[in-house]
Amino acid sequence: MAVLSELEPKKVFEYFEKLCSVPHGSYNTKLISDLCVSFAKELGLRWRQDEANNVVIWKEASPGYEEAAPVILQGHIDMVCVKELGCPKDMAKEGIDLVTDGAWVWGDRTSLGGDNGIAVAMILAILADDTLPHPPLEAVFTVDEEVGMDGAFALDCSDLKGRKLINLDSEEEGVFTVSCAGGLRMDCILPGRQAPLNGEKGYVITLSGLLGGHSGGEIHKGRASANQVMGRVLFSAMERIPGLRVADMQGGKFDNVICSANQARAAVPADKAAELEAFVREFDAVLKNEYAGCDDGITLACESGSLEGALSREDTSRVLHTLLVIPQGVQAMNVDFPGLVQTSLNMGVMAMEEDGLHFSISVRSCIASQKTMIAQRVRAILEMGGGVVSERGNYPGWQFARQSVLRENALAAYKAVTGKEGAIEATHGGLECGLFIEKIPGLDAISMGPELHDVHSTQERLSVASTGRMYETTCELLKRSK
């Protein structure tokens with residue numbers, strides 16, 4: 001029996017479970033794209049699938065809404081795949097094992113993909129229900145949103161007639177998003193060559209137990225970035241033990257996720273081994289004190305490990321000096337929306353390659369000039385450290401519109417369903433709305449969605465009751481779009 005078969009709205013959770021049954025991490029979206037096409041075929045609806053695996057499905061207006069303007073419903077079909085250490089699941093080949101207690105839904109030792117699979121499920125349920133009153137619908141399912149909005153960049157919007165966009169990629173019930181940050185990704189290399197050891201003793205240094213999380217939605221919570229902290233750990237160790245040489249640093253899987261673990265390998269003079277072990281014990285206590293209350297599980301540990309080589313002392317010093325001064329986290333807060341992060345950056349993925357240390361940085365800001373400024377700062381630091389930087393995935397922000405009929409209707413729909421007032425907010429996360437607004441002049445957009453907690457992590461949870469309320473709100477909003 002299906003795990004979610006007893007949950008309401010039944011059709012929403014039926015589609016969600018089907019979507020979760022196939023792997024659909026970013027850059028691995030062919031199966032889920034084809035699944036969406038099969039749903040369209042089953043429903044007898046017109047559809048289009050492009051080479052990027054984006055899917056568009058059209059549905060004619062219900063009776064009485066034939067003269068209404070079309071509305072675009074939109075979500076993305078890729079997810080961030082994260083699993084616990086020791087979890088045997090191959091998320092590139094297997095779907096999610098769902099778990100529910102009736103109030104929440106989560107993945108068994110993995111991320112859930114509620115961001116943004118629940119949006120796709122809600123839209124499919126709307127398309128499948130011939131009893132709902134609605135204007136002409138254009139359902140748009142994009143790919144690879146989590147890795148730079150590649151699908152939205154690639155999407156041909158010339159056959160979309162809607163000038164109202166309901167994006168279902170928000171994660172706080174009753175909060176209607178009307179503005180978001182733009183962003184870009186920076187790929188950085190600090191060159192360095194490995195050389196044989198000269199009698200030094202090798203160590204594996206592990207930083208673990210961090211919460212991680214979304215680098216947009218949770219960057220303000222003060223959580224540690226394992227990549228950034230490991231740079232500080234090794235720099236501090238180098239100050240204590242000048243002969244330290246770095247051999248490896250590995251952390252993170254996604255640019256837009258706050259890195260939750262980093263494992264480094266380093267060598268120290270054999271007569272300094274005990275000193276390194278003592279330093280790690282001391283610095284573990286330092287980190288536990290600093291991150292108490294926001295990353296209580298943070299743990300720094302080391303154990304001896306064999307090494308064939310490491311960077312020279314000179315390369316080690318240059319790399320660690322550079323890492324230490326690269327900023328991480330919140331850089332500016334927004335004055336128009338109190339509590340909103342305006343500008344930030346996140347060191348997402350790090351790995352030592354044959355030619356040196358590679359790492360990526362995700363830059364976000366709703367102010368284009370500040371996004372440029374942070375990119376300049378990172379580039380200047382890398383160049384001074386002998387490194388190189390390239391940029392990709394530069395996407396626009398979404399500027400707040402003073403007037404919006406769609407926004408007013410959404411607030412009214414939410415109050416009609418719940419009896420509560422909705423809130424208008426901006427987000428520091430990246431949303432595809434900015435790209436759609438850039439491609440479709442005059443587009444009125446809003447983003448909303450059910451309650452999701454700790455997305456992009458193994459703690460991700462989807463509220464069942466909230467899903468029902470936001471599904472009803474979406475249906476009510478369509479009813480009002482006459």
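This report covers selected strands, helices, salt bridges and one buried side chain in a predicted model.

## The four-stranded sheet

Four strands make up an open sheet, ordered β4-β5-β25-β24. Their pairing is antiparallel. The edges are held by β4 (98-100) and β24 (452-453). Each has a single partner strand, so one side of each lacks a neighbour in the sheet. β24 pairs with β25 (residues 461-463) through two bridges, in the antiparallel sense. H453 has R461 of β25 as its bridge partner.

Helix α11 (residues 464-479) packs on this sheet. The helix touches β5 and β25, and its direction makes about 55° with that of β25. Helix α1 (residues 10-20) lies across β4, β5 (104-107) and β25. Relative to β4, helix α1 runs at about 145°.

## Strand β9 and its partners

Strand β9 spans residues 182-191. Seven of its 10 residues are buried, so the rest of the structure largely encloses the strand. In a regular strand, side chains alternate between the two faces of the sheet.

β9 pairs with two strands described here. With β20 (residues 356-365), β9 is joined by 10 bridges, and the two run antiparallel. One point of register is G183, whose bridge partner in β20 is R364. With β21 (residues 388-395), β9 shares six bridges, again running antiparallel. There, C188 is matched with V389 of β21.

## Salt bridges

The whole structure contains 24 salt bridges. One of them joins the side chains of E173 and R469, at 2.8 Å from N to O. This pair links distant parts of the chain, 296 residues apart. E173 sits in the loop between β7 (164-167) and β8 (175-180), whereas R469 belongs to helix α11. E173 is buried, with a relative accessible area of 16%. R469 is partly exposed at 32%.

A pair within one helix is R318 and D315, whose closest N and O atoms are 2.9 Å apart. Both lie in helix α7 (residues 313-325). They are three residues apart, about one turn of the helix. R318 counts as partly exposed, with 24% relative accessibility. D315 is buried, at 19% relative accessible area; the cut-off for burial is under 20%. E476 forms a salt bridge with R480, with 2.8 Å between the closest N and O atoms. R480 is partly exposed, with a relative accessible area of 35%. Salt bridges with shared partners also connect R185, D187, D255 and R392 into one network.

## F39 and its surroundings

F39 is placed in helix α2 (residues 30-43). Its side chain belongs to a buried residue: the relative accessible area of F39 is 2%. Beyond its neighbours within four places in sequence, F39 is in contact with Y15, K18, L19 and L124.

Y15 is 24 residues from F39 in sequence. In space, the C-alpha atoms of F39 and Y15 are 9.3 Å apart.

Methods:
Residues numbered from 1 in each chain as written. Predicted model: local features only at pLDDT ≥ 70, side-chain atom pairs only at ≥ 80, totals over all residues. Heavy atoms only, no water. Pairing = 2+ DSSP bridges. Contact = heavy atoms within 4.5 Å. Axes fitted to C-alpha atoms, helices over the stretch in contact; angles between N-to-C directions. Buried < 20%, exposed > 50% of the residue type's maximum accessible area, 1.4 Å probe, protein only. Salt bridge = Lys/Arg side-chain N within 4 Å of Asp/Glu carboxyl O.
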